[in-house]
Structure formats: structure tokens, C-alpha cells
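Here is a short report on a ligand site, two helices and one loop residue. Look over the sequence and structure first, then read on.

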Amino acid sequence: MATCRPGLEGVLAAEIEKLGGRSIKPGKRSVAFSTNHPGLYRMNMALRAAIQVLVPIRTFNARDYKLLYFQSRRTNWHQYFTADKTLRIDVNGHSPTLQNTQYVVHRVKDGIVDTFRKMTGGIRPSIDKAEPEIHVVVHMHGSKITLCLDSSGIPLFKRGYRLEHGEAPIKEDLAAGILQLSNAKEHAGIVDPMCGSGTFLFEGMMLMHDMAPNLKRSFAFQHWLDYDEEAFLAEQASLEKAGSIKKDIPIVGCDIDEESIDLVKRIAATHFPDIPLTLHHSAFQEVELDLPNCLMVTNPPYGKRLGEESELPALYRDIGTAAKKAVMGGRLAVFTTNRKAARQIRLTQDRSCTLFNGALEGLLYEYSVRGA
Ligand SMILES: C[S@@+](CC[C@H](N)C(=O)[O-])C[C@H]1O[C@@H](n2cnc3c(N)ncnc32)[C@H](O)[C@@H]1O
């Protein structure tokens, strides 16, 4: 089961299908599917809109904490990992009779620890909340409990290229989801007129050049007993080969903030040195952009800072005007939490959908750009 932000289930299901997943069933903030070991490794390295890939290991009914402990104790944890590993347990979903999630964690942990103690004569996994090797997720749906192993470990939106970030970055998985919802791959290139730390640019680059976003990082499944390194390396090599750089895809960013542009340059030089990228340290209103059939995608300021609100109507109007000039025949996609400001974009809206950047609810507005 791959988890995702609400609104990205359809995009994620399509990604999973493309990567060879079977029996795909989109759910709420998740997509269930089946695959084999190489498939699990491939999903972790290549999925763009996923947060984690969970492997369910046992499902049962438990209405109270005693039964929960009993069932955790009966689980063959030792078949999945060894007693010397570090562990973290989290809970998702809801159960009306197991409302104290801290106690749920406690009871499942006791079950795991007691299983190992008995098997090993006292050696047990230790708890490490910050950097655990093994991550257990307790999924609750009423009294139905599923114990899962998180195969990803560090969430999949932590790609590794974002060592520092600008002021209000959009999460990588959300940016990748928005790009796919806006059919980025059907466009000639990508431009973000207010690129900040460049999330749309880097996610767009990887999408357009078929580069897997998590090729060079570690995963929790590498600590599992059934980890097959040969299969992992083979999947990694085949994904690396599939990413081919096409020189004629423009990727363009503008920002008025010098620090943001410098940051994007540093990230590009370190992580994407071979991919053409054009950056303008300037207000987008001042830049002559001629990028027909490209996707203009951005999350503009939405008026959080003092004094910003009054400037928003003009700024959003300018985005519409810039799109008409720059990406004729292409598309404009704007993600914002400010509906009032978005009304200032004077283009014909194709559709809008609700998405979340963390706890912030926003809307993705999409417009076809038919030229000036
Ligand atoms: C919400 S942030 C974008 C965050 C970005 N998507 C990221 O992931 O880091 C908005 C950005 O718009 C920039 N900005 C505001 N007005 C601008 C303008 N007229 N032209 C270009 N950039 C502008 C700000 O400097 C800021 O970096």
C-alpha cells in the first residue's frame, strides 16, 4: 500500500500501474496494490507522488489494548528483522475503542519486544524515534487492525537534493503530483515564474527526463531479513538507464529573491549538472519568456505576510497575462490557498481541485492558454 496526500490517489495509481503494480485499488490517501520484491524496490525508487510504501504483514480484529498486545505478540516479527535493529512505531487511521494512540504504540511495541526476548533470551530491538532502521505502522480501521512494515523509512518526499530550502517550499511529492495532474509530459517544457527553491523545476526535470526521484538514497527494506541486494542493484541500474536526458526540453525559473535563485543554482550544479536549466533573477513581469506549448506551473505567495495581501490581486492578474504571452498553446497551473486572489487570473479555467500542502488546504487551478 502506497500512501499519499488527499487528492493524489488517482495520479499515484497511474504511476503504480506504469511501474508494473497489479490489483491496483485507490483508497483514501493510499493506493493498495500487489507486487514482488524487485517491484517493491522499484516503487520506492521511482514513485513521485507517494509518501511511503507499506507492506501489510498481519490483519486481525482487536477491540481493546489487551487483544492488541496479544495479536502483536503472536506476529512473527523475527521473520522480518533481527533483534539488533532500532525501531519506531506509528499509528494511522482510527478505532473507536483504541483512541489513545500512544498506548496503541506502547502495546504493539511490548508485543514486538516480548516476541524477540523470548526468541533470543533477552535481546530486543531498541527504540529510536529519529532514525529507526525498522518502521512499523499500525493501521486502524474500526476494530480491524493491520500491522505494516514501512519499506521506505525516510518519507519518499525527502529526495536528497533539497539540503536547504527557501521560505515556503512546496513538498516534493505534491509538486510531482501537481505536475502530473497538469499533464506536464504532454508539454514542450516547464516554466515556474516564482520558483523559490525550485521544487517544480527539479520535479519537472526528473519527470520530463524519466529520472527516478529516489535513486540515490537508502530505504528501510534494506534492513529486512529478506532484502535481496542483487535484485535491488538490478532495479536501480535499469531505472538509471531509463532516465535519458533530452536536450530540447526547456526548464525555466524566475524569482525576485536572489538567495532563492542562488540556491536553485547550487542544487542544479550538484544534483542535475547535465540538465539544461535557465534561471532569471528578476520579477517575472520583467522577463520576456517565449515558451510556446510549455506548462507554466507555480505556487505564488498567498498573502501570509503583513502587507502582502494588498499586492496579491495585481500579482495574480500578472500571472494570467504572463502565461498568455509566454506559453501560448500550453497550460497554466496555479496552486494557492487564496481563492480570492486566484479569481484575478483572467483566463478560462478548465478545472480546479483541492490539495493539501501539509495542513494547508489549497486549490490547484488549471487553464488552457490559447494565446494573446
Ligand atoms: C510560495 S514561494 C514559491 C515556493 C516554491 N514553489 C518552492 O518550492 O520553493 C513564492 C515565491 O515567489 C517569489 N516572488 C514573489 N513575487 C514575485 C515576482 N513578481 N516575480 C518573481 N518571483 C516572485 C518569492 O520570492 C517566493 O520565492
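## Polar contacts of the ligand

The backbone of I256 offers a polar atom that sits 3.4 Å from a nitrogen atom of the ligand. F284 also takes part through its backbone: one of its N or O atoms lies 3.1 Å from a ligand nitrogen. T199 uses its side chain instead. A polar side-chain atom of T199 is 2.6 Å from an oxygen atom of the ligand.

How much of the ligand's accessible area does the protein cover? On its own, the ligand has 610 Å² of accessible area, and the protein covers 88% of that. Keep in mind that this is a predicted model.

## The shell around the ligand

The ligand is surrounded by 20 residues. Those that come nearest are S197, T199, D255, Q285 and N299. T199 is thus in this nearest group and also supplies the side-chain atom at 2.6 Å from a ligand oxygen.

What is the make-up of the shell? It divides into 11 nonpolar, 6 polar and 3 charged residues.

## Helix α8

Helix α8 runs through residues 258-271, 14 residues in total. From its first C-alpha to its last it reaches 20 Å, close to the 20 Å expected at 1.5 Å a residue.

Which residues of α8 are buried? They are S260, I261, L263, V264, I267 and A268. Viewed down the axis of α8, these buried residues fall within an arc of 160°, so they line one face of the helix. The face turned away from that buried side carries exposed residues: E259, A269 and T270. Buried here means under 20% relative accessible area, and exposed means over 50%.

## Helix α9

Helix α9 covers residues 312-326 and has 15 residues. Its span from first to last C-alpha is 21 Å, close to the 21 Å expected at 1.5 Å a residue.

The buried residues in α9 are L312, L315, Y316, I319, G320, A322, A323 and A326. Why do they sit on the same side of α9? They cover an arc of only 165° around the axis, and that puts them on the same side of the helix.

## The loop after α9

M328 lies in the loop between α9 and β13, the strand at 331-336. Its relative accessible area is 43%, so M328 is partly exposed. That value falls between the 20% limit for buried and the 50% limit for exposed.

How far apart are the C-alpha atoms of M328 and E230? They are separated by 48 Å, with the two residues 98 residues apart along the chain.

How values were computed:
Residues are numbered from 1 along each chain as its sequence is written. This is a predicted model: local features need pLDDT of at least 70, side-chain atom pairs count only at pLDDT 80 or more; totals for chains, interfaces and linings use all residues. Side-chain values use heavy atoms; hydrogens and water are left out. A residue is near a molecule or strand if one of its heavy atoms lies within 4 Å of it. A polar contact is a pair of N or O atoms within 3.5 Å; within protein, one must be able to donate a hydrogen and the other to accept it, and residues adjacent in sequence count only if both atoms are side-chain atoms. Accessible areas come from the Shrake-Rupley method with a 1.4 Å probe; for residues, only the protein chains shown count as cover. Ala, Val, Leu, Ile, Met, Phe, Trp, Tyr, Cys and Pro count as nonpolar, Asp, Glu, Lys and Arg as charged, and the others, Gly among them, as polar. Helices (H or I, at least four residues) and strands (E, at least two) are DSSP runs, numbered from the N terminus. The expected span of a helix is 1.5 Å times one less than its number of residues. Buried means under 20% relative accessible area, exposed over 50%, partly exposed in between (1.4 Å probe, protein chains only). The arc is that of the directions from the helix axis to the C-beta atoms.
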